[in-house]
Amino acid sequence: MMENKKLQVLLSKMTVKQKVAQLLQLNPFYFEADRNEEQITGPMTDLHVTEEEIGLVGSILGVPDAENARKIQNQHLTTDPNKIPLLFMIDAIHGYKTIYPIPLAMAGTFNPAIVEETASMSAYETSTQGHHVTFSPMVDLVRDARWGRVMEASGEDVYVNQEMARAFVRGYQGPANELHGNQEKIAACVKHFAGYGMVEGGREYNTVDLSRKELFQNHLPAYEAALDEGAKLVMSAFNLFEGVPVSANTYIFRDILRERLAFEGVTISDWGAVKELVYHGVTGGKEGAAELALKAGIDIEMMSSCYIEYLEVLVERGEIETAILDEAVLRILTLKNDLGLFENPYRGLDLENKELSEEHLDIARRAAEESFVLLKNDEQTLPLNTEAKVALVGPFAESDDLLGGWVIFGKRDETPVLATKFKETFTNATVVPTADHQTITDAEIAEAVAAAKLSDSVVLAVGETSDESGEASSRSNIQLAAAQQKLIKAVAEVNENITLLIFNGRPLELTGIEAYAKAILIAWFPGSEGANALTRVLSGKVAPSAKLTMSFPRAVGQVPIYYNQLPTGRPVDAADADAAFASSYLDVANTPLYPFGYGLSYGELTITDWSIANTQLQKDEAVSIEVTVANTGTTTTSDVVQLYMNDPIAAVSRPIKELKRFHKLTMAPQTTATITLTLPYKELGYYDSQTNYRIDAGELHFTVGFDSAHVSERKTLTVKEGS
């Protein structure tokens with residue numbers, strides 16, 4: 001590993017043009033040896049890059065495979081006069097070739113260990129194809145199901161976001177200081193810094209209006225958690241903060257990221273975000289965009305050419321100090337050094353390829369099994385009898401669209417479909433697929449109804465397609481397609497034993513159809529082993545155990561909806577509430593259809609007792625809470641004990657409840673267990689209106705339960721002395 005002083009020597013030898021080129025990231029097209037004249041005068045001219053500049057560029061994203069990675073790196077080392085290797089980056093969001101469930105589903109496992117295991121699997125596969133960085137995890141706090149990108153997040157809760165951020169970074173990187181010698185790992189890029197999850201109207205790339213208090217209280221903690229685990233890169237968000245685009249926001253990147261959070265790694269813009277400063281209206285052209293972004297603290301410009309066109313002249317004119325350019329370049333060189341690229345530019349390419357191996361598929365299957373959320377199970381409809389007559393019906397019965405959005409290298413044709421695994425398990429199964437999820441024909445409905453009449457029960461495989469969630473897939477209507485609703489109602493007329501099996505990348509509005517089903521199982525997009533995992537859960541070989549990390553609304557008009565809302569001056573449940581003038585809707589309850597933290601299993605655990613060990617808390621003393629849980633049933637059952645806190649009197653209004661700890665446990669029949677939940681003193685506080693963190697003397701209320709809506713009677717703890 002190169003010493004820092006040698007990196008400094010290398011930096012001193014570089015020309016301004018060579019330095020600026022390190023700050024440019026391009027896609028593989030620009031490195032193709034067989035580009036024709038038309039291509040050269042097209043995209044290359046549009047992006048204003050020359051052959052010389054391409055030969056000096058610092059990083060590349062989206063290279064398709066190991067062969068191309070080796071070829072491009074080899075060619076680059078012959079053109080770069082300083083022999084500085086390329087950084088290869090990729091969007092491996094929930095797997096590379098072996099795909100695990102979407103991140104929103106993974107968060108619902110409430111099991112950081114399985115999240116870390118899947119990220120480690122993804123890192124290994126990504127590294128074998130020559131990539132060094134993944135643009136993951138996305139740790140944006142999300143509360144609006146209309147935003148398709150919620151599929152890439154961990155949900156609406158601050159603490160869950162922190163724990164999942166840590167798990168993803170540990171899985172991708174391992175110990176941050178060991179990346180140099182650990183070729184099975186890659187560097188993690190945390191995104192989107194900061195506040196992107198609050199886009200107005202749930203519309204991708206839209207504006208954000210967020211207070212500093214809200215930023216500090218609810219959004220920064222997950223980024224900070226990822227950085228505490230050693231994440232090497234941070235990606236800028238597309239949105240504004242306090243009216244200034246984040247990619248030009250000195251307060252966000254210099255004051256908060258560099259100073260407050262002490263981040264020393266590399267920052268990178270999102271795709272084209274530097275050029276988009278022009279469209280935001282904060283500069284008149286690309287030269288101004290380049291100056292604003294670099295001064296704000298954006299090291300790498302992804303897929304726009306403001307830096308490569310204008311930074312050299314801006315430095316020559318003295319409008320940008322050489323030191324500002326040098327610090328960005330040095331961070332990039334340091335990352336390459338941390339990855340060991342100066343010694344081995346072909347890092348990872350000699351590892352054994354384990355894509356879709358039995359080992360990796362086993363991880364993907366176990367992750368999928370833990371990610372399914374059972375929302376409803378009247379009359380113990382699930383699990384299904386494997387010898388009964390069961391009809392599998394609907395647009396997802398034979399669909400290969402199980403991988404979800406942000407899957408670049410996973411292949412649908414290598415992914416088993418549900419019908420195949422279903423028929424292997426259920427000996428009297430009938431499968432009636434429909435060709436399209438939006439336009440189910442009357443003939444298809446008639447065939448489904450005929451099969452339902454002859455069956456003991458029906459599994460209706462419905463949902464949204466993978467291109468209806470993810471980036472740039474915002475929706476104002478989050479119901480199932482009208483044709484699917486028509487199919488559900490028609491089948492329900494002839495068979496009451498219906499299980500809705502729903503494939504989705506976001507919370508959906510299920511109010512209009514949930515009454516037609518006895519059971520509802522949320523499959524999300526479950527990945528490479530989704531069909532196998534689903535069949536095992538439907539047949540009872542494995543029990544569902546996941547919980548919702550985003551609330552499911554009763555109506556889209558409720559969104560953004562989340563459990564940890566602030567109180568209102570006219571709450572509907574106040575003792576003196578006037579129903580006509582309380583904070584409520586005329587046409588729907590305030591509550592979600594299914595709340596945060598909710599999810600059933602095939603058995604049921606019960607909290608029989610719980611206590612706070614120290615109800616009079618001294619400064620710097622931890623809170624210790626013991627919870628006794630019993631399984632009085634006849635089946636082994638998993639569930640998640642959830643600890644909630646409320647600060648009833650504070651300098652600013654505090655949430656009605658907020659998750660502080662969780663513990664997932666699996667219990668055999670007729671057993672009890674006692675768990676201890678420990679909460680450090682420093683986590684009892686909040687940010688006031690001046691963004692000062694404070695812990696007040698006074699009462700705190702705690703409750704425990706298995707979801708946010710159904711909790712115990714509160715117990716009170718008194719903090720004797722605040723900070």
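Start with the largest cavity of this predicted model, which has a volume of about 70 Å³. To bring it into view, select Pro137, Met138, Glu152, Ser154 and Phe168, which lie nearest its centre among the 13 residues of the lining. Colouring that lining by class gives nine nonpolar, three polar and one charged residues, and the largest share of the lining, four residues, comes from helix α8. A search of the whole structure finds four cavities of 30 Å³ or more.

Keep α8 selected and move on to the second largest pocket, where about 750 Å³ of space lies. Of the 29 residues that line this pocket, Gln162, Pro221, Lys682, Glu683 and Tyr693 are the closest to its centre. Two or more residues of the lining come from each of α8 (158-173), α9 (212-228) and β21 (658-667), and α9 gives the most, with eight residues. By class, the lining of the second largest pocket divides into twelve nonpolar, five polar and twelve charged residues.

Next, select Tyr563, Gln565, Asp573, Ile656 and Lys657, which lie nearest the centre of the largest pocket and belong to a lining of 43 residues. About 1300 Å³ of space lies in the largest pocket. If you add strands β20 (637-646) and β25 (698-705) to the selection, you will have two elements that each supply at least two residues of this lining. The lining of the largest pocket has 23 nonpolar, 14 polar and six charged residues.

Now turn to a pair of helices. Display α7 (residues 112-128) together with α15 (residues 358-371), which pack at an angle of about 145 degrees with their axes 10 Å apart, and note that α7 passes α15 in a left-handed crossing. To see the contact itself, show the side chains of Ile114, Glu117, Thr118, Met121, Tyr124 and Glu125 on α7, and those of His360, Ile363, Arg366, Ala367 and Glu370 on α15. By class, this contact has five nonpolar, two polar and four charged residues.

From there, go to helix α18 (residues 482-492), in which Ala483, Gln484, Gln485, Leu487, Ile488, Ala490 and Val491 are buried. These buried residues pack against β12 (389-394), α17 (442-453), β14 (457-463) and β15, so it is useful to show those four elements around the helix.

Strand β15 (residues 498-503) leads to the next stop, Thr499, which is found in that strand. Is Thr499 buried or exposed? Thr499 counts as buried because its relative accessibility is 0%, and the cut-off for a buried residue is under 20%. Leaving aside residues up to four places away in sequence, Thr499 touches Thr381, Leu382, Val458, Val459, Leu460, Ala519 and Leu538.

For the last stop, select Val57, whose place is in the loop between α4 (51-54) and β2 (59-61). Val57 counts as buried because its relative accessibility is 1%. Which residues does Val57 touch, not counting those up to four places away in sequence? They are Ala21, Gln22, Leu24, Gln25, Leu26, Phe31, His76 and Leu86. To finish, draw a C-alpha to C-alpha distance from Val57 to Leu23, which should read 7.3 Å, although the two residues are 34 residues apart in sequence.

How values were computed:
Residues numbered from 1 in each chain as written. Predicted model: local features only at pLDDT ≥ 70, side-chain atom pairs only at ≥ 80, totals over all residues. Heavy atoms only, no water. Buried < 20%, exposed > 50% of the residue type's maximum accessible area, 1.4 Å probe, protein only. Contact = heavy atoms within 4.5 Å. 1 Å grid on protein atoms, 1.4 Å probe; cavity = no way out; pocket = protein on both sides within 12 Å on 5 of 7 lines; lining within 4 Å. Points joined across faces, edges and corners; volume = space filled by probe spheres on them. Nonpolar A, V, L, I, M, F, W, Y, C, P; charged D, E, K, R; others polar. Axes fitted to C-alpha atoms, helices over the stretch in contact; angles between N-to-C directions. Left-handed = near helix turned anticlockwise from the far one by under 90°.
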